[in-house]
Amino acid sequence: MGSNKTRDIIFNPIIDRLVADDYYVINVDRNGIPFIAMEKIDPMRSISVGIAEQNMISVACGLALSGKRVVTYSSGPFAYLRAYDQLRNAMCLMNLPVTVVVSSESRVSSRFGFTHHMTEDYQLLALCPNLRFFSVADVATAHAVSDYILSGVEGPTYVRLEFECDGDLEAVENPNLKKGFRKVRSGSGALVLAQGCSVVTACETAFATQPAIIDVFGHPFNIEALYEEILKYKKVIVFDERQTVGGLGSELLGYANEHGINKQITMVCVQQTKKLTETCGEREYWMRISGVDNAAIKAAVDD
Amino acid sequence: MNTKELAIKAHEIKVRFAEICVARGVGHITSALSCAEIMTVLYYSVMRYDLKNPEWPDRDRFVMSKNHGSVITYPILTDIGYITEEFLNTFECDGSVLGAHSKICVPGCEFSGGSLGIGLGVSCGMAWAAKNENSDRLVFCLVGDSECQEGSIWESVMFAGFNRLRNLVMIVDRNGEGCTDFIEHTVDIEPLREKMEGFGWEYREVNNGHNINELLQVFSDVRERASDKPLCIGVRTIKGHGVPFLTNKPWLHGQTPSGEEGELLVNLLKEEKYGLE
């Protein structure tokens, strides 16, 4: 049903190394138990900015410009929506080693409505210079991203966590951050390229014939290597709880167009409709009206 | 430097600034002229830095949040030795990093600007780091008065006041004009003193930001202040100061005179005697 497991995988080692490694953690509204623990260790290293995402990123940049290792944490899409100017024009432009961790509880955000849906972070962040970003689909990726952060990130980094992505997908490949994608399921005929929650949904879907499933968890990813995989399959589907325009599918098709690759890619992504922007309900309802539920990916694969 | 020497320096800086802008046809002339004396006093009298050790951890930091005024820092950085005259002459040439908005890759520059409302928050982070290191370095941040219409400024003001960042000095260039109008006609920031004090800041006001003596006075105890509050200094200035045909004309924001008008600008600044007698 979802938990804070991936958040704790990211932050517990940072708590352990808070003082020794000169970490600073900035969060919105004293978000979550780990931050209370950090305040007890050293209140000067656990900074709450209140509900002020723009200032969160700006303060993080100032600390990074002073040689500090900075990680921010906030919920929902506001770190990249409200603070996009600060992300793009301060953190990324100055290539600062700040890690922005955002967390989404999709089960809750479906009830809260469109303002809380993280359906366009890929699109916006892919345009930011120097930025690496990750969508965490399971604990294995969370551990890999945690190791990356602890190894000392050299530039701006964004990590998307979702409460629903706290399991062990028992993927056939381990996450390789340099490559930026990993095969989660072997299969034949069709290939599903997914991210975050959609990887989990795809893995839970009962297909007539099991497709291969690749988790494109990192950006930038090795697009040449990914196309080597793509071209092995008859049918390729991008499955993503983000909107179609400017997303992973668009990026792949843009590359294909530029390189003379003739390959159709089907998009099963969030469709922006009045129902999406004006109604709310259980997560299952949201997935259904957005066109990103089990039925949608099953239809695209089995069709 | 004494008052007279600082006034002469400010004069030289303004002339050189105008020359490079007119030569390239780029630069926010009026915005830079409103803060020329502030910048001169900061760099030649107030701020602590070591040219032999530019990365000295305890150097003071300067963040030009109203970054459209940043070109005025280029002749200063040249004069004090961070960049060369040859480098200065690349201003706004194709491929140069020396642009109309300053970048962190320019020696002596601590912040990449161009988008308003960000620099004060970045300064808060710098001040927090200094405080936690028990360093006595100060962080100076210059914001525009119309920049204070940006909501993010007030997130940072509230944060700094609440967290008692006494090593943070926010200087508000109160030239009274935005891009297209006087701010009293758009969204005024008055009463600034009450606002800043309400957010837990110490507030001081300089009535004439082109008067070197007044500026020296307001900064005189900035390092040894007894208060544990961050300091805001509202400095009353004139946008386009020293050039009558550029003052009190808001639509000239971002405009750079060219041709005969450009020559006139440079000559007027050369002949300007304000503060030199």
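Let's start in helix 1 of chain B, which covers residues 3-24: Glu12(B) and Lys9(B) both sit there, three residues apart, or about one turn of the helix. An α-helix has 3.6 residues a turn, so residues three or four places apart point the same way. The side chains of Glu12(B) and Lys9(B) meet in a salt bridge, at 3.6 Å from N to O. Take a look at how much of each partner shows: Glu12(B) is partly exposed, with 41% relative accessibility, while Lys9(B) has 13% and counts as buried.

Keep in mind that you're looking at a predicted model. The predictor gives the complex an ipTM of 0.92 and a pTM of 0.94. For chain B the average pLDDT is 96, and 100% of its residues score at least 70.

Staying in chain B, here's a salt bridge of another sort. Arg225(B) pairs with Glu202(B), and their closest N and O atoms are 2.7 Å apart. Arg225(B) belongs to the loop between helix 9 (212-219) and strand 5 (231-236) of chain B, and Glu202(B) to strand 4 (residues 202-206), so this pair ties together parts that are 23 residues apart in sequence. Arg225(B) is buried, with a relative accessible area of 5%.

Now let's go to the place where the two chains meet. How many residues does each chain bring to the contact? Chain A brings 25 residues and chain B brings 23. Between them, chain A and chain B bury about 1900 Å², and 63% of that is on carbon and sulfur atoms. On the polar side of things, six residue pairs are in polar contact between chain A and chain B. As for the parts of chain A involved, strand 2 (46-48), helix 3 (53-65) and helix 5 (84-92) each supply at least two residues to the side that touches chain B. Helix 3 of chain A gives the largest share of that side, nine residues.

Which residue of chain A does Ser156(B) reach with its side chain? The answer is Asn55(A): the two side chains make a polar contact at 2.6 Å. You'll find Ser156(B) in helix 7 of chain B, residues 151-162. Ser156(B) is buried, with a relative accessible area of 1%. Leaving out residues up to four places away in sequence, Ser156(B) touches Asn55(A) along with Leu120(B), Gly121(B) and Cys124(B).

What about charged pairs? The count over all chains comes to 43 salt bridges. One of them joins two chains, because Glu133(B) lies in the loop between helix 6 (119-132) and strand 2 (139-144) of chain B, and Lys68(A) in the loop between helix 3 and strand 3 (69-75) of chain A. Across the interface of chain A and chain B, one salt bridge is found. In the pair of Glu133(B) and Lys68(A), the closest N and O atoms are 2.4 Å apart. Is each partner buried or exposed? Glu133(B) is partly exposed, at 33% relative accessible area, whereas Lys68(A) is buried, at 5%. The pair also has company: Asp22(A), Asp42(A), Arg45(A), Lys68(A), Asp58(B), Glu133(B) and Arg137(B) are linked in a network of salt bridges.

Let's finish with two helices of chain A. In helix 11 (residues 248-258), the buried residues include Leu248(A), Gly249(A), Leu252(A), Tyr255(A) and Ala256(A). They cover an arc of only 130° around the axis, which puts them on the same side of the helix. Turn to the other side of helix 11 and you meet Asn257(A) and Glu258(A), which are exposed. The buried residues pack against helix 7 (121-125), strand 8 (190-194), helix 10 (223-230), strand 11 (235-243) and strand 12 (265-270) of chain A. Just after helix 11, Gly260(A) takes a positive phi of about 65°.

Helix 13 of chain A (residues 283-290) has its own buried residues: Arg283(A), Trp286(A), Met287(A), Ile289(A) and Ser290(A). What do they pack against? Their partners are helix 6 (106-112), helix 9 (197-204), strand 11, strand 12 and helix 12 (274-278) of chain A. Strand 11 and strand 12 of chain A also appear among the partners of helix 11. After helix 13 comes Gly291(A), with a positive phi near 80°.

Note on methods: Residues are numbered from 1 along each chain as its sequence is written. Chains are lettered from A and ligands numbered from 1 in the order in which they are written. Side-chain values use heavy atoms; hydrogens and water are left out. pLDDT is the predictor's confidence in each residue, from 0 to 100. Buried means under 20% relative accessible area, exposed over 50%, partly exposed in between (1.4 Å probe, protein chains only). Helices (H or I, at least four residues) and strands (E, at least two) are DSSP runs, numbered from the N terminus. The arc is that of the directions from the helix axis to the C-beta atoms. Contact means heavy atoms within 4.5 Å. Buried area is the accessible area (1.4 Å probe) that two parts lose on being put together, summed over both. A salt bridge is a side-chain nitrogen of Lys or Arg within 4 Å of a carboxyl oxygen of Asp or Glu. A polar contact is a pair of N or O atoms within 3.5 Å; within protein, one must be able to donate a hydrogen and the other to accept it, and residues adjacent in sequence count only if both atoms are side-chain atoms.
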